[in-house]
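Work through the exercises below with the model open. Try each task before you read its solution.

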Amino acid sequence: MEFPILETSRLQLVQIGQQYAGRFYEIMSREDVTEYYGMDKLINQQEAEAIIKSFQSAFDSKRGMRWGIVLKENGDFIGTIGLNNLNVQAKKSEIGYELHPDYWRQGFMKEAIKAVLQYAFENLDLVRMGAVTFPDNEASSRLLRKMGFTEEGRLRSYLYQGGQSHDALIFSLLKPEWEK
């Protein structure tokens with residue numbers, strides 16, 4: 001299967017190759033980006049390169065897809081969004097994303113989520129999209145609710161980051177709810 005390129009009015013969602021490793025590292029080495037990410041910040045560019053390889057492996061094995069979020073106007077790589085724990089047979093996945101802080105609160109992630117949900121529900125024919133957030137990540141929880149997701153509950157000690165376990169909130173959006 002060829003990697004799908006998605007477009008919105010301001011964004012192009014592209015396959016993440018090693019040409020983006022430097023910028024991906026720049027984003028993922030920031031405390032303000034990884035604070036609620038579920039993994040520690042990156043220490044060097046080799047870690048970014050390894051993660052990009054893992055994106056390709058996940059795609060090749062149909063377990064996930066990760067898009068680079070690129071501004072159409074200037075080609076800037078500003079973050080990523082993807083489908084984690086993808087199971088096409090079981091018709092479910094989880095959405096995950098991050099964005100460079102320079103681009104927070106400008107509607108870019110809402111645009112990207114909308115495009116990925118459309119692809120997941122229409123092209124992959126998924127029925128359930130989940131999302132996992134840290135309880136303190138109010139911005140992400142607010143965005144998910146705005147996108148139609150329902151908070152299902154709290155998973156105790158579900159995430160491990162910074163040498164300790166953290167609770168997580170689980171959200172979901174079902175295809176019939178999205179179609180409304």
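Helices (H or I, at least four residues) and strands (E, at least two) are DSSP runs, numbered from the N terminus. The model is predicted, so local features need pLDDT of at least 70 and side-chain atom pairs count only at pLDDT 80 or more, while totals for chains, interfaces and linings use all residues. Residues are numbered from 1 along each chain as its sequence is written, and side-chain values use heavy atoms, with hydrogens and water left out.

**Exercise 1.** Place E94 and describe its surroundings.

*Solution.*
Step 1. E94 sits in strand β5.
Step 2. List its contacts (heavy atoms within 4.5 Å). Leaving out residues up to four places away in sequence, E94 touches G82, L83, N84, N85, M129, G130, V132, Y158 and I170.
Step 3. Look for a polar contact (a pair of N or O atoms within 3.5 Å; within protein, one must be able to donate a hydrogen and the other to accept it, and residues adjacent in sequence count only if both atoms are side-chain atoms). The side chains of E94 and N85 make one, at 3.2 Å.
Step 4. Compare sequence and space. E94 and L173 lie 79 residues apart in sequence, and their C-alpha atoms are 9.8 Å apart.

**Exercise 2.** Find the buried residues of helix α1 and say what they pack against.

*Solution.*
Step 1. Apply the cut-off: buried is under 20% relative accessible area, exposed over 50%, partly exposed in between (1.4 Å probe, protein chains only).
Step 2. In α1, residues 21–28, this selects A21, F24, I27 and M28. They are on the same side of α1, because they cover an arc of only 125 degrees around the axis. The arc is taken from the directions from the helix axis to the C-beta atoms.
Step 3. Their packing partners are α2 (31–34), α3 (45–60), β4 (77–87) and β5 (92–99).

**Exercise 3.** Describe the lining of the largest cavity.

*Solution.*
Step 1. On a 1 Å grid over the protein atoms alone, a cavity is a set of points where a 1.4 Å probe fits but cannot get out; lining residues have an atom within 4 Å of a point.
Step 2. The lining consists of F3, Q15, I16, F55, Q56, F59 and R66.
Step 3. Helix α3 supplies the largest share, three residues.

Conventions. 1 Å grid on protein atoms, 1.4 Å probe; cavity = no way out; pocket = protein on both sides within 12 Å on 5 of 7 lines; lining within 4 Å.
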